[in-house]
Amino acid sequence: IMHENNQIKYRENFLNLSIFGIAMGFLEAIVVIYVRQLYYPEGFEFPLKMLPEKMILVEWIREISTIVMLVIVGVISGRTFEQKFSFFIFTFGIWDIFYYVALKILIDWPSSFLTWDLLFLIPITWLGPVIAPIICSILMIFLSIIIVYQTSKDRDFKLNKLEWTFLLAGAFTIFCTFIYDYLNIIVKNGFILKISKLTSDQKFVSIVESFTPEKFGWSAFIAGVCLILICILSILKRKMKK
C-alpha cells in the first residue's frame, strides 16, 4: 500500500512539475523574443552581436534566477537527495523542450533541429544546434523518472559512486562540447588572462561579431550521452536484479 501511495504522490509531482516547466518554457521564450526584437530586429542569426556589458550582467542574473527556481522546485518536491536532484532535472528538461516549442509556435523559430542557437552565457557562451539540448533534456527526463520510480519502491535507494562518475563525466563532456567554440576563441587569441573583461575588449568583440559556428563536436557529444546512458543502464540493471 505504501509503495502504491508513493507512486501516486510522485505521479502528481511529475504532473505538477510538467505544468510548471511548460509555463516556464513559454515565459523564457517570451523574454528571449523581447531581447531578439531589441538586438536582432531583422531576425536572430550568426554572427552574434555583442550585447552591452550591462545587458550581459542582466542576462547572467536572469539565467541564475532560472536555475535557482528549478532547483527550489526540485528541493520542495523530493524527500531524499536523489529525489530532489531527479525532480530538478525533470523540470529542467520539460522547461528546455517547451522553450523551443514556444519559440516555434510564437515566431516560427528554429527553422530546423540543426539550427544553431546561443544556449547559455555562464561561465562563457554555450553554442550548439537546437537538437543537442533537446537530446539532453530527453535524457534528463528519462533518468529522473527511473530514479524516482526506484526510490518509490526502495526508500534507501541511492546512486552508487560508479553511477555518479558516469553521470558527471557525461555531463561534463557535453558541457565542453557546448563551450568549445568560445573557449577556443579565448585560448587561441590569448584572452585567458583577460577573461573578466572580455566584453570591453574590442579585439574580442570584433572576433565574436565575425564568428559563425559551422561544425559541432558530435563525437564528443555522443560520447557524453553514452556515459549518461551507461549510468541509466546500471540503475536499470540493479532494478532487474532486485
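Leaving aside its neighbours within four places in sequence, which residues is Glu-59 in contact with?

## Glu-59

In this predicted model, where local features need pLDDT of at least 70, side-chain atom pairs count only at pLDDT 80 or more, and totals for chains, interfaces and linings use all residues, Glu-59 is in contact (heavy atoms within 4.5 Å) with Val-35, Leu-51 and Leu-121, once its neighbours within four places in sequence are set aside. Residues are numbered from 1 along each chain as its sequence is written, and side-chain values use heavy atoms, with hydrogens and water left out.

Glu-59 belongs to helix H2, residues 53-77 (helices are DSSP runs of H or I, at least four residues, numbered from the N terminus). With a relative accessible area of 8%, Glu-59 counts as buried, because buried means under 20%, exposed over 50% and partly exposed in between, for a 1.4 Å probe and protein chains only.

## Nonpolar cores

The largest nonpolar core (a set of buried Ala, Val, Leu, Ile, Met, Phe, Trp, Tyr and Cys residues joined through side-chain atoms within 4.5 Å) has 58 residues, of which Tyr-100, Phe-178, Phe-204, Phe-221 and Ile-235 touch the most other members. Apart from it lies another core of 10 residues, including Phe-14, Leu-17, Phe-87 and Phe-90.

Beyond four places in sequence, Phe-221 has contacts that include Ala-132, Ile-135, Cys-136, Ile-174 and Phe-178.

## Lys-104

Lys-104 lies in helix H3, residues 81-107, and is partly exposed, with a relative accessible area of 36%. Its contacts, neighbours within four places in sequence left aside, are Trp-109, Pro-110 and Ser-111, and the Lys-104 side chain reaches the backbone oxygen of Pro-110 at 2.9 Å.

Definitions and conventions:
Helices (H or I, at least four residues) and strands (E, at least two) are DSSP runs, numbered from the N terminus. A polar contact is a pair of N or O atoms within 3.5 Å; within protein, one must be able to donate a hydrogen and the other to accept it, and residues adjacent in sequence count only if both atoms are side-chain atoms.
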